[in-house]
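User: I'd like to go through this model with you, one question at a time. Could you start with how residue classes are assigned, and then take my questions?

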Amino acid sequence: MTLKLNPEAKAIYRAILEEIKRRLVLPGSSAFLDEFGPVSERDEILRRQAYFKENLPKIRPELRKYLSKVRPIKFRRDFLHDRVLIVDEGELEKAENLNLCAVSTSLEDAEGYPLVLSTVGYGIDVELTPSDIAPELYIMPLWENKETLQALVSIGELTGEKSVAKEILEALKELEEVMEKRRLLDGLEELIAGKERELNEKISEKLEKFSLTLSGKELLEFLSELKAGNYEAIFSHFGEVEGGILDLINEAEEELSEKLGVTVELFSREDLYPVTVPPERVEMLREELEKELKVELYLKSREVLGKIRPLLARLKEELAGVYELDFLRAVKEFAEGFTFPELWNGGIAFINGRHLFIENPQPVSYVVGRKPENFDLPGVEKVKDEPVVILTGANSGGKTSLLELITQITLLAHMGLPVPAEKAWVEPLNELFFFRRKRSVYGAGAFETALRSFVRALKGEGRKLILIDEFEAITEPGAAVKIIGELLKVAYERGFYVVIVSHLGEDLRRELPFARVDGIEAKGLDENLDLIVDRQPKFGTLGRSTPELIVERLAKKKRGREREIFERVWRAFRGF
Ligand SMILES: Nc1ncnc2c1ncn2[C@@H]1O[C@H](COP(=O)(O)OP(=O)(O)OP(=O)(O)O)[C@@H](O)[C@H]1O
């Protein structure tokens with residue numbers, strides 16, 4: 001059963017969730033958090049505590065870096081248009097039902113498919129299984145997510161649970177060659193254009209050199225050959241250059257052939273300079289390469305899949321486990337320095353609680369209900385297991401913040417999480433109410449609404465903690481004492497726990513002998529004449545609003561006539 005929350009308690013719960021959520025690095029992990037909503041059952045809370053106690057210590061901070069690299073690996077069923085499967089009449093229906101590629105019983109239908117697979121010896125031999133017919137559907141997602149696999153390996157090293165990703169990565173290495181070719185194929189035009197540019201540069205260099213050499217002694221020779229009409233010699237001279245250019249072209253084509261793994265003949269030999277590549281040749285080369293690569297990739301994928309197939313189930317588990325690790329890591333970071341509360345039957349108590357949303361808060365200890373043993377604090381002897389407490393004290397003393405802290409600790413305890421305190425005792429409850437002070441809302445409407453919510457909180461059975469911030473702000477003090485007095489009596493009779501912030505402590509104390517009155521007080525002024533507030537409430541002591549400190553502050557801050565008047569008032573406080 002869930003712990004019931006009124007809207008303002010729920011808002012604090014949401015703020016806590018947000019604090020944990022913003023520490024998650026994977027979007028998929030927040031689903032885990034949803035499993036940890038606050039519950040009332042002691043056993044369930046204990047079960048969760050045990051889970052965290054067992055798992056949080058295993059979480060290492062370096063995990064974050066690797067978790068953030070993990071992406072879900074999705075194996076999708078797809079219909080592959082690049083292959084046909086030739087089967088026997090009797091297998092036709094089964095093969096079609098696989099719905100992985102075109103299926104036929106006749107080899108004639110294989111025309112135009114780069115990949116022809118067959119169970120009856122008409123192509124590459126296969127069995128009627130998805131891993132035989134379309135191994136790429138398993139292998140490609142793995143190849144594309146190598147970074148995720150790498151991260152899983154590192155995570156496994158950190159958690160001490162070895163990942164199967166290591167073996168998978170090892171097996172995937174066999175695909176590197178074919179993948180490199182695929183990469184080249186993607187950039188085929190640029191590759192060829194680059195070669196073409198390089199080639200033309202080399203040729204033009206050669207031609208330049210040629211004209212230079214001709215300008216020397218050879219020029220004279222050339223002229224004399226010309227005079228003698230010896231054309232053969234002249235052509236052979238030019239032929240040398242032509243041969244040189246053809247060598248360069250062959251060399252470039254050989255380089256390409258080696259890179260691409262097929263024999264390439266691309267450059268036209270008609271006009272030797274500048275060398276060009278007819279676009280239709282590039283297209284033909286691309287088609288040929290594509291076809292070859294399809295077959296090669298298919299065969300390699302099948303081979304690799306044969307090796308890693310038994311590891312895939314475990315890989316899926318590891319990938320799912322990553323979200324849990326992320327969740328645990330976020331909780332650990334959030335709950336740094338927190339403690340698991342002891343579950344008991346005496347209400348709520350904690351030592352050195354730290355407000356979640358105040359930076360460097362002064363730790364505060366508090367008890368509503370039974371006082372735990374070794375709850376040793378100054379003034380604590382005045383605590384007598386009171387389930388109803390009136391919290392009084394200086395303006396901006398931290399009363400609202402204390403109610404928030406009680407709410408935070410109660411909520412976290414019911415989520416099974418550790419709480420921001422040195423020690424804590426929490427009774428599993430059925431309902432938690434937090435009523436904030438409604439600032440500047442006056443009038444019968446607001447008053448009626450607030451009254452109705454309180455009464456709703458008081459009706460019904462169960463274990464409840466009710467936190468109320470300054471109810472009197474929306475009605476007159478006289479009426480407030482009567483109303484609060486009666487409502488708190490009802491709460492007391494029903495065994496509910498209540499903390500109510502009020503400036504009417506004196507009057508309420510008279511009205512409610514069973515209630516404890518605590519006070520937060522200012523201790524003095526600091527060097528900037530700001531109030532020094534001790535956030536730790538004094539148990540059983542009415543909190544004075546310490547007006548003399550305000551007077552002292554003004555007396556020291558003001559000048560001239562004003563100062564004289566303040567000093568006179570201050571003297572009145574000090575009794576001279
Ligand atoms: N334990 C604490 N440590 C440090 N700062 C605190 C602590 N508790 C409260 N404060 C700060 O003191 C200021 C006043 O707190 P809060 O509003 O809770 O006081 P309050 O007593 O409810 O005031 P008011 O009488 O105006 O309702 C806030 O800025 C809050 O951040």
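Analyst: Sure. Ala, Val, Leu, Ile, Met, Phe, Trp, Tyr, Cys and Pro count as nonpolar, Asp, Glu, Lys and Arg as charged, and the others, Gly among them, as polar. Keep in mind that this is a predicted model.

User: With those classes, how many residues of the shell around the ligand are polar?

Analyst: The ligand is surrounded by 13 residues, and G398, K399, T400, S401 and R535 are the closest. Split by class, the shell has 3 nonpolar and 2 charged residues, and the polar count is 8.

User: Which element gives the largest share of that shell?

Analyst: T400, one of the closest residues to the ligand, lies in helix α16. That helix covers residues 399-415. With 3 residues, the largest share of the shell comes from α16.

User: Is T400 buried, exposed or partly exposed?

Analyst: Outside its sequence neighbours within four places, T400 is in contact with R437, D469 and V501. A residue needs 20 or more other C-beta atoms within 10 Å to be buried, and 12 or fewer to be exposed. T400 has 16, so it is partly exposed.

User: And A394, which UniProt lists under "binding site": buried or exposed?

Analyst: The unreviewed UniProt entry lists A394 along with G393, N395, S396, G397, G398, K399 and T400. A394 is found in the loop between β9 (388-393) and α16, and beyond four places in sequence it touches I520, E521, A522, V533, G543, S545 and T546. Because A394 has 22 C-beta neighbours inside 10 Å, it counts as buried.

User: Which element gives the most to the largest nonpolar core?

Analyst: That core has 112 residues, and I409, L467, V498 and I500 have the most contacts inside it. The top contributor gives 9 residues, and it is α16.

User: What does L467 contact, and how many residues are in the other core?

Analyst: Setting aside neighbours within four places in sequence, L467 is in contact with L403, I406, T407, F433, F434, F435 and V499. Another core lies apart from the largest one, with I192, L248, F267 and L285 among its members. The size of that other core is 12 residues.

User: Zooming out, why is the protein chain described as more spread out than a compact globule?

Analyst: The protein chain has 21 helices and 15 strands. For 576 residues the globule rule gives 25 Å, and the chain is well over that, so it is more spread out than a compact globule: its radius of gyration is 42 Å.

User: What box do the C-alpha atoms fill, and what percentage of residues count as buried?

Analyst: Along the principal axes, the C-alpha atoms fill a box of roughly 140 × 80 × 45 Å. Among contacts with a separation of 6 or more, 72% are between residues 24 or more positions apart. As for the 576 residues, the share that count as buried is 32%.

User: How far apart are the end C-alpha atoms of residues 178-205?

Analyst: The unreviewed UniProt entry places a "coiled-coil region" there. In the model, that stretch is 96% helix and 0% strand, and its end C-alpha atoms are separated by 36 Å.

User: Last one: N99 has a positive phi, so is it buried or exposed?

Analyst: The phi of N99 is near 55 degrees, a positive value in a residue other than glycine. N99 sits in the loop between α5 (92-98) and β3 (101-104). Because it has 11 C-beta neighbours inside 10 Å, N99 counts as exposed.

Terms used:
Residues are numbered from 1 along each chain as its sequence is written. This is a predicted model: local features need pLDDT of at least 70, side-chain atom pairs count only at pLDDT 80 or more; totals for chains, interfaces and linings use all residues. A residue is near a molecule or strand if its C-beta atom, placed from the backbone, lies within 6 Å of it. Helices (H or I, at least four residues) and strands (E, at least two) are DSSP runs, numbered from the N terminus. The radius of gyration is taken over C-alpha atoms; the globule rule is 2.2 Å times the number of residues to the power 0.38. Two residues are in contact if their C-beta atoms, placed from the backbone, lie within 7 Å. A nonpolar core is a set of buried Ala, Val, Leu, Ile, Met, Phe, Trp, Tyr and Cys residues joined through C-beta atoms within 7 Å. UniProt positions are given in the numbering used here, feature names are shortened, and annotations may be inferred rather than shown by experiment.
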